[in-house]
Amino acid sequence: MRALNKKLVELFPKDIYNSIFNGSNELYLEVNSREILKICTYVDTELGCPLVSMFANDERQLHHKFAVYYVFADKNRSGLLTLKTMVSEEEMTIQSICNEIPAAALYEREIKDLFGIIPKGHPALKELIFHGNWPEGKYPLRKDFDTRKKVHMINKKKEFVEVKGEGVYEIPVGPVHAGIIEPGHFRFSVAGEPILHLEAQLHYVHKGIEKMCEGESIEKCLYISERISGDESFTNSLAYCQAVEKIVGVNVPTRAKYIRVVFAELERLTSHLGDLGGICLDVAYGFGAFQFRAMRAWAYLIADELCGMRFLRSVNRLGGVRKDFIVGKEKSLIEQLNKIRTELKDTAGILKAHSLFIDRVENTGVLSAGIAADLNAVGPPGRASGRHYDVRKSYPYEAYTDLDFDISEHNNGDVNCRVNVKIEECFESIDLIINAIEAMPEGKVREKTDSVEPHRFAFGITEAPRGENIHWVMTGEDNTVFRYKIRTPSFCNWPALCHAVKGNIVPDFPLINKSFNLSYAGNDL
Amino acid sequence: MQYAAYVLIQLLVIIMLAPLLDGIIRKIKAFSQKRTGIPLLQVYYDLLKLLRKTSVVSEESTWVYKIAPYIVFSTSIAAALLVPVTTKIMPGTLPGDIILLISILGLGRFFTMLAALDTASMFGGMGSSREAMVSILIEPSVLVSLFMVGLISKSTSLPQIMQAMKGIGAPLTYPVFVMIFLAFLIIIIAESSRIPVDDPSTHLELTMVHEAMMLEYSGRHLAIMELGAMIKQLVLITLLVNILIPHDQLIAVTGIGALVVSIFIYVAKVITVTIIIAIAEVCTVKLRFFSIPNLATLSFILLFLGFLQYFILGGSNV
């Protein structure tokens, strides 16, 4: 990271004011807000570091200014490069970078809604979090916004992108759907059955988690982080723990690191098996669907046996895990995993030999490599579109450094590739759990954590079942959290979904949607 | 007198048997998925429960929406009366023939589609347009298959066709009828909205065909609509088994005993075909919507091959 810092400082001597190294893999550069577009474009295109997160922070208590952070992933050096610019209260605008870096478009809209910082030059500044019912001049994530006061909602007309032409019409779907799923409004512009454009309006379950965490104790925020999204409890709390552990400077015991790998992979296994079942169900292949559901239930039983909670809550603690969940259960665990592997092997064989099934999934919902790169598609959809990137390899954390595993890669970007990635990752997860159990050293599972210093910050980055998961924590006074920025993989992949469905027919949308498996709760926060 | 007895037996058998077929298909699917599944008679309980409930009717809808269930039900019943379940009790002549049968079923479908459009809900419109597409694609096969049978038996009246088939004995030993049998199986699957054309158990409103049109219906209206659809499915199966697998010539006993035996054999034949449909449902997945023409083409090609075989190669043997 020092070499990177040197290079950038040499290139932009006037515009980089300050560099801060935080641990071995985080570099923060304070840059001139006028030149942000130039520097961001250089980092993104010349250095090949994609924008992975972008957020604002109300730092008026510290230096009377707002700060905007642009986070880039330097995958080769396993580092995160963060550019920080200051925005004064009088100004309240930033230069939009989304014309050069398309992935920034959603982040800029989010910042505008929650902080009131206007990105100048943004081509489509529609409200993201609110749906035309939030009054002007109220910005929830500013420190002076009082959550106890009731906000009087207003009613503005909702606007959607209009596609005009002969025979083109709109299909509004949701936010309430026929099945028991989360809310989201989809507006299809179609000509007959083929989809010309899809606009997804989400954030119906915006709960204000980031605001809720501000001022809460760091222990309580762990509790909240487990509840961001039901099926990602473990990975979200792990990312939070990593960030806080880095700030505190505690060394997690090796055994705890292995136990964390076991749970993280168990969560991935259940999530992928559930997806595969859902994909089968969406093409009305009942046999496959119930095979995968049965296997997922077995995986849930393992989770239940290990920690008494199928959704893996209350496993993580700051500095380790709550107790030694694995001891004494190794044999039964390996036995049950082998049972799942045998069944999975058979089912995957039947599935891949089913020509009608393959016909449905092949070339359906193609996410091209170019769009995947532009929008920074992560996780299985990214890996199915030729992005050879997995946080476990590029930013090894916990015991992944010591364990041997492969990441799958497919290039066609269709539903079939996503199915294959998920099947391969299921096998990989089973192997990883077994290897982790066998390689696990004896020892304690938790290190006591001290109180945290105020205004320190760090990233926590994990590979969630859905992809790269980046959390940023800044501590406040008295062991509290000052700012907690959560960026789940779903936030990156939702726009990718909207591109992948173009040109497909309406009845194929549920299948494509299922193959992306995006979380609403994890996106809406 | 005989007329009244015929109508009574027809209605009793068809209405009582129709929901059972859905129960059987669901049970077989459940077994393929290692589940016990719902009880065989659950479909009946569901219908009775729905019949007792009030219907919620959209304020935006017109009279079309309200009368559609009754029209769908009555057309199904009318169609059922045209297709005898047994030749053991049958009036000498039945009014109407296969052309009327197809038209009556078409009328029911027309009102289902109108009612779905009437509510102005997005999914109703989508369901209607898809149903129209599927029915247009499958209609030629329906007509050709029935006309071929009519051509061979030199009549379009169903009782006379059935008599002629009885004369042939075992039609399925002739290639032309095997082709018609297979083509008609595809027709039944498409007409009764089953996998691979449609998925009757899906909750995904964007993929639905038949279900999308039913989406707005509730309570009594829904029960009548669903029963109407089940009866239609049974009428088509009856048409298939009673034309291509005639059984009344095998029964030795006479009088009321023959009638009972005949109905039992009929039920057994229907259940066999239902099991074949269920197995087809288990083994296939829902086709991509624009692949449905391929299925319709397959059915038509089968008929065409049968047609060629009959007229060019060995027609006179039949």
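**A helix with one buried side, and the chains around it**

Just past helix α6 of chain B, Gly169(B) adopts a positive phi of about 95°. That detail, like everything else described here, comes from a predicted model. Helix α6(B) itself runs over residues 158-168, and its buried residues are Leu158(B), Ile161(B), Met162(B) and Met165(B). These four cover an arc of only 95° around the axis, so they sit on the same side of α6(B). The spacing makes sense, because an α-helix has 3.6 residues a turn and residues three or four places apart point the same way. What does this buried set pack against? The partners are four other helices of chain B: α3 (63-82), α4 (98-118), α5 (122-153) and α9 (219-244). A word on confidence belongs here, since within chain B it is lowest in α6(B), at a mean pLDDT of 88. Helix α2 of chain B (residues 42-52) is at the other end, with the highest value, 95.

Stepping back to chain B as a whole, the mean pLDDT is 90, and 98% of the residues reach at least 70. The chain has 11 helices and zero strands, so to speak an α pattern repeated from start to finish. A compact globule of 318 residues would have a radius of gyration near 20 Å, and the 19 Å of chain B agrees with that. Along the principal axes, its C-alpha trace spans about 60 × 45 × 45 Å. Buried residues account for 47% of the chain. Among contacts in chain B between residues at least 6 apart in sequence, 81% link residues at least 24 apart.

One peptide bond in chain B deserves a look. Ile195(B) and Pro196(B) are joined by a cis peptide bond, with omega at about 10°. Pro196(B) belongs to the loop that links α7 (175-191) to α8 (210-214) of chain B. For context, most peptide bonds are trans, and most residues other than glycine have a negative phi.

Which residues have the most contacts inside the largest nonpolar core? They are Val473(A), Ile180(B) and Leu240(B), in a core of 236 residues. Helix α9(B) supplies the largest share of this core, 17 residues. Leu240(B) touches Phe181(B), Phe184(B), Ile188(B) and Val273(B), not counting its neighbours within four places in sequence.

The two chains meet through 21 residues from chain B and 24 residues from chain A. On the chain B side, these break down into eight nonpolar, six polar and seven charged residues. The predictor scores the complex with an ipTM of 0.90 and a pTM of 0.92.

Chain A mixes both kinds of secondary structure, with 18 helices and 15 strands. Its radius of gyration is 23 Å, close to the 24 Å that the globule rule gives for 525 residues, so chain A is as compact as a globular protein of that length. Its C-alpha atoms fill a box of roughly 70 × 65 × 50 Å along the principal axes. Of the 525 residues, 49% are buried. Contacts in chain A with a separation of 6 or more are made up, to 68%, of residues 24 or more positions apart.

Towards the start of the sequence, Ile39(A) lies in helix α2 (residues 36-46) of chain A. Is this residue buried or exposed? Ile39(A) counts as buried, because it has 21 C-beta neighbours inside 10 Å and the cut-off is 20 or more. Its contacts, leaving out neighbours within four places in sequence, are Phe12(A), Asp15(A), Val31(A) and Leu83(A). From Ile39(A) to Ile16(A) there are 23 residues in sequence, and the two C-alpha atoms are 9.4 Å apart in space.

Two loop residues of chain A have an unusual backbone setting for a non-glycine. Ser314(A) has a positive phi, near 55°, and is found in the loop between α9 (286-307) and β11 (316-317) of chain A. His455(A), also not a glycine, has a positive phi of about 60°; the loop holding His455(A) runs between α15 (415-439) and β13 (457-464) of chain A. Ser314(A) counts as partly exposed because it has 16 C-beta neighbours inside 10 Å. His455(A), with 14 such neighbours, likewise counts as partly exposed.

Definitions and conventions: Residues numbered from 1 in each chain as written. Chains lettered and ligands numbered in written order. Predicted model: local features only at pLDDT ≥ 70, side-chain atom pairs only at ≥ 80, totals over all residues. Buried ≥ 20, exposed ≤ 12 C-beta atoms within 10 Å, placed from the backbone. Arc of directions from axis to C-beta. Contact = placed C-beta atoms within 7 Å. Core = buried A, V, L, I, M, F, W, Y, C linked by C-beta atoms within 7 Å. Rg over C-alpha atoms; globule rule 2.2 N^0.38 Å. pLDDT = per-residue confidence, 0-100. Nonpolar A, V, L, I, M, F, W, Y, C, P; charged D, E, K, R; others polar.
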